[in-house]
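Subject: Structure handover and notes

Dear colleague,

Please find below the structure I promised to pass on, followed by my notes on what turned up in it.

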Amino acid sequence: MTGLRKLFENNFLDFASYVIKERAIPDAADGLKPVQRRILWSMSEMDDGRFNKVANVIGHTMRYHPHGDQSIGAALVSLANRNFFIDKQGNFGNILTGDDASAPRYIECRLTQMARDILFNNDTTDFGVSYDGRNKEPDLLPAKVPVVLLLGAEGIAVGMSTKILPHNFNEVLKAQIACLRGKEFQLFPDFIQGGAVDVSGYEDGAGKVKCRARIERRGNKKVAITQIPFGTTTESIIASIEGAARKGRLKISSIDDYSTDKAEIEITVARGVSADETIQRLFTNTDCEISHSANMIVIMDKNPVETTASGLVEYSVNSLKTLLKRELELEIATLQDRMHWMTLEQIFIENRLYKAIEECPTLEEVRTTVSSSLLPFLIDYKREVTIEDIDRLLALKIRRISRFDIEAHRKEIGDIKSKMRVARKKLKNLIDYAVDVLQALLDKYGKLFPRQTSIETFSGIDKREVAIANLKLGYDHQTGFIGTAVKGEKSWNVSELDRILYFLGDGTYKVVPVQEKLMMTGKVLWCGPCDKEKVFACVYRDKKSRIAYVKRFAIGGYILDREYPFVPENSELMVFLERENVLLDYWFERRRNMKTRKGETFLSEVTVKGVKAKGIQLCGKKIVSTLKAIEINNEPEIPPTKQEPEPEEDIPELPEEPRKTLEEITEEADALKSRMSNILKKFESGTPDLFGDSE
C-alpha cells in the first residue's frame with residue numbers, strides 16, 4: 001500500500017501534465033492539439049499537390065504520434081470536415097446525418113492552399129525530437145490566425161476541461177485587424193450546420209448560447225426542419241422527436257428524412273393540431289433547441305490558462321507580429337547574403353582575379369592570393385569576406401565565368417536592393433504590414449466562408465403553456481391517494497410538466513411532481529394541479545392569545561418536495577377556503593358587559609398577500625367561539641320596476657285652526673278624564689254600550 005501511494009505521488013502530476021498538454025487542451029499559438037498538428041505536418045511532408053490515401057497519411061503520422069491509428073484517423077476526418085485545411089476526396093461521412101466515413105484505404109486527402117498560406121513556414125518553425133527520438137517534429141506551427149477560434153475545441157483533461165465554440169473566418173480576421181488598429185470588436189459563434197443562435201448569455205467566449213433549428217411551415221399540416229443546431233445530427237433530432245411523440249408531448253402523423261448534403265426533415269402534424277403549435281412544441285420538447293456552455297482553456301506559453309475570445313485574438317495578434325518580424329528579418333538576411341555573394345562574384349569575374357592564382361602551388365596560397373586581390377575593391381565594404389566565400393569563388397565553373405552577363409548581374413543586384421528596401425519598410429511599419437497580410441487572406445478566402453448561423457434573440461417559450469395535457473390526474477378521498485394511476489371522485493387533465501399542490505390540516509402544504517401514485521398523509525384540505533397565482537384563504541387562531549386571524553394568499557415560488565407552513569407556528573386552523581365569495585359569520589365568547597356578541601366579514605374585502613403573511617385580526621382582541629363560512633349567491637339582484645307617478649288631485653285647502661291657550665288645553669284634558677271615568681263605571685256595572693253617550 002505504501003509503495004502504491006508513493007507511485008501515485010511520484011507519477012500522478014506527470015500523468016496530469018501529459019494529458020493536459022499532449023492530449024486534451026489545444027495550444028493558443030497554432031490552435032491545434034498535438035494529434036492535429038502531427039497530421040498536418042505529415043501532410044505537408046507528403047505534399048506534392050496531389051491527393052494521398054488517408055491510410056498512408058495515418059501511417060506517416062504514426063512516426064510522430066505515439067497513439068493508435070484509430071485515434072489519428074478519427075482526428076483527421078474531424079479536421080477535414082471543418083473545411084479549412086484539408087481537401088477531401090471520397091466519403092468522409094456526413095456531419096448532418098451522423099454517417100461515418102469510409103475506411104481510410106478508400107478515401108484521400110491533401111492540404112488546402114489556405115493551410116499552406118496560414119500554417120507553414122519551415123524557416124520560422126522550431127523543431128523538437130519525436131517521441132521515439134528517430135524524427136524531428138514541429139513544436140508549434142507558425143499560424144497567422146487564431147486557429148482555435150476557427151475550428152473550436154473540446155477536451156477533458158485531469159482537473160480541467162475546455163469547450164471552445166467555432167467562429168466565422170471573416171469575423172475572426174476582421175477582429176484581428178481591429179485589434180491591430182486598437183479598435184473594439186466582438187465575436188460570436190458560427191456553426192457549419194447553420195440554424196440560429198441566441199448569444200444573449202455569451203460573454204466573450206464564456207457563458208451559454210442557445211442553438212435552434214431552422215423550421216419552416218409547409219401549409220397547415222406540414223413543417224420541415226432545414227437546418228439543425230450545432231452538436232446534433234438529423235438522426236438525433238428524429239430520435240428526440242419520436243421520443244417526444246411516444247410520451248405524448250408532441251402529436252404528429254409521420255416523419256420523413258430527406259437529408260443529403262443539406263438537412264431536410266419533413267413532419268406531418270396530427271389532425272386537430274396546427275403547424276404553429278407543432279413548431280413551438282418542437283423547440284420545447286426535442287433537440288430542435290439545445291444549449292451549449294463555453295469554457296475557454298488553452299495552453300499559453302506551455303501553461304494551461306483560462307482566457308476569452310478577445311484574449312485569444314490579442315494573443316494571436318502579438319504572435320503574428322513576432323512571426324512577421326522574424327520572417328522579414330530572415331528575408332533581409334537572405335537578401336543580404338545573396339547580394340554579398342553577387343558582389344564578390346562580380347568583382348572576381350569582372351576584374352579577372354582568377355588569373356592571379358594560376359601559378360599558386362598550394363591551396364593556402366590560392367586562398368591568400370584571392371583574399372588579397374579582393375581587398376582593393378572592398379575598401380568601404382562593411383561585411384567580412386570569409387574562407388567559405390573564397391572557396392565558393394574558387395568553385396566557380398569556367399562556363400559560369402565565360403558566360404557572365406554583367407548587365408543582368410547588375411540588374412539582379414538592383415532588384416535585391418529594392419526588395420531589401422521594401423522589407424525594411426515593412427519591418428518599420430509592422431502593424432500596417434500585418435493588416436495587409438490579414439486583408440490579403442480575407443480577399444483570397446473570405447468568400448468561401450460566409451456566416452452560416454444567424455444571430456437572433458429567441459422569444460421565451462413557456463413549456464407548460466405549450467405542453468399537451470395528455471394525463472388524467474385522479475384523487476381518491478377515501479384512501480388519500482393522488483396520481484395518474486388513481487381513479488377517484490375528482491380528476492384533472494394535466495401534462496408531465498404540471499405539479500401537484502396539496503394543503504394539510506396541520507397547517508402545511510407541499511408541491512410535488514406529477515406521478516403515478518402518491519399517498520398524502522394527514523387530513524387533506526385541498527389538492528389539485530399547482531397554480532402559483534391561485535388565491536386561497538384561511539382563518540386560524542393563536543393558541544396562546546386565542547386571537548383569530550384571517551388571510552388570503554397565493555403560494556408563489558416553491559421548491560419541489562419541500563414542506564412549507566401556511567399558518568404560523570403554535571396556531572390552530574379554524575377554516576380553509578379556496579373561494580372568495582364567502583361571508584365569515586362568527587360569534588364571540590360571552591363576557592360580562594359585552595354589548596355585541598356577533599360579527600361578520602366579507603372575505604373578498606381581505607387583501608391578498610404572500611403565504612408567509614400573518615394576516616389581519618378577525619375581530620380585534622375579541623375571542624371567536626364559533627365560526628361559519630357562508631357562501632354568497634352572486635346572482636344579480638333584479639331592480640324594482642319603475643312606476644309612473646300618479647296624477648295629483650286638486651285638494652281644497654282647509655282653513656287654519658287658531659292656536660289654543662294652555663288653560664283651554666287643561667280644561668279639555670280634565671273633561672276627557674271625567675268622561676273616561678264614567679265609561680269605566682258603566683263597564684263595571686255591565687252597561688253594554690261602553691262608548692255611548694255618558695249622559
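E364 is exposed, with a relative accessible area of 51%, and in this predicted model E364 forms a salt bridge with R367, whose closest N and O atoms are 3.5 Å apart. R367 itself is partly exposed, at a relative accessible area of 21%. Both residues belong to helix 11 (residues 363-374), where, being 3 residues apart, they are separated by about one helical turn. As a reminder, an α-helix has 3.6 residues a turn, so residues three or four places apart point the same way.

The structure holds 31 salt bridges, and two others deserve a description because they link parts that are distant in sequence, by 200 residues in one case and by 183 residues in the other. In the former, the side chains of R326 and D126 meet at 3.4 Å, N to O; R326 lies in helix 10 (residues 309-350), whereas D126 sits in the loop between helix 5 (113-119) and strand 4 (127-129). R326 counts as partly exposed at 33% relative accessibility, and D126 is likewise partly exposed, with a relative accessible area of 44%.

The latter joins K144 to E327, with the closest N and O atoms 3.6 Å apart. K144 comes from the loop between strand 5 (136-138) and helix 6 (147-151), and E327 from helix 10, so the pair ties these parts together. Here K144 is buried, with a relative accessible area of 10%, and E327 is buried as well, at 16%. Besides these pairs, E216, R218, K222, E264 and E266 are linked in a network of salt bridges.

K144 appears again in the surroundings of Q176, a residue of helix 7 (residues 169-180). Why does Q176 count as buried? Its relative accessibility is 0%, and the cut-off for a buried residue is under 20%. A polar atom of the Q176 side chain lies 3.3 Å from the backbone oxygen of K144, and a polar contact of 3.1 Å joins the side chains of Q176 and S316. Leaving out residues up to four places away in sequence, Q176 touches K144, V145, P146, V313, S316, V317, L320 and L438.

Two further helices are mostly covered. Helix 2 (residues 34-46) has 13 residues and reaches 18 Å from its first C-alpha to its last, close to the 18 Å expected at 1.5 Å a residue; 11 of its 13 residues are buried, among them R37, R38 and W41. In helix 9 (residues 275-285), 8 of the 11 residues are buried, including R281, F283 and N285.

The loop between helix 2 and strand 1 (52-53) contains R50, which is exposed, with a relative accessible area of 58%. The C-alpha atoms of R50 and R110 are separated by 6.7 Å, although these residues are 60 residues apart along the chain. Aside from neighbours within four places in sequence, R50 is in contact with C109 and R110.

Finally, at the surface, L4, L7, F8, F12 and F15 form a nonpolar patch with about 530 Å² of accessible area together. One of these, L4, lies in helix 1 (residues 2-24) and is partly exposed, with a relative accessible area of 46%.

With best regards

How values were computed:
Residues numbered from 1 in each chain as written. Predicted model: local features only at pLDDT ≥ 70, side-chain atom pairs only at ≥ 80, totals over all residues. Heavy atoms only, no water. Patch = residues over 30% accessible without salt bridge, like charges linked within 9 Å, V, L, I, M, F, W, Y side chains within 5 Å. Areas by Shrake-Rupley, 256 points an atom, 1.4 Å probe, with all protein chains shown as cover. Salt bridge = Lys/Arg side-chain N within 4 Å of Asp/Glu carboxyl O. Helix = DSSP H or I, 4+ residues; strand = E, 2+ residues; numbered from the N terminus. Buried < 20%, exposed > 50% of the residue type's maximum accessible area, 1.4 Å probe, protein only. Polar contact = N/O pair within 3.5 Å; in protein donor to acceptor, adjacent residues only side chain to side chain. Contact = heavy atoms within 4.5 Å. Expected span 1.5 Å × (residues − 1).
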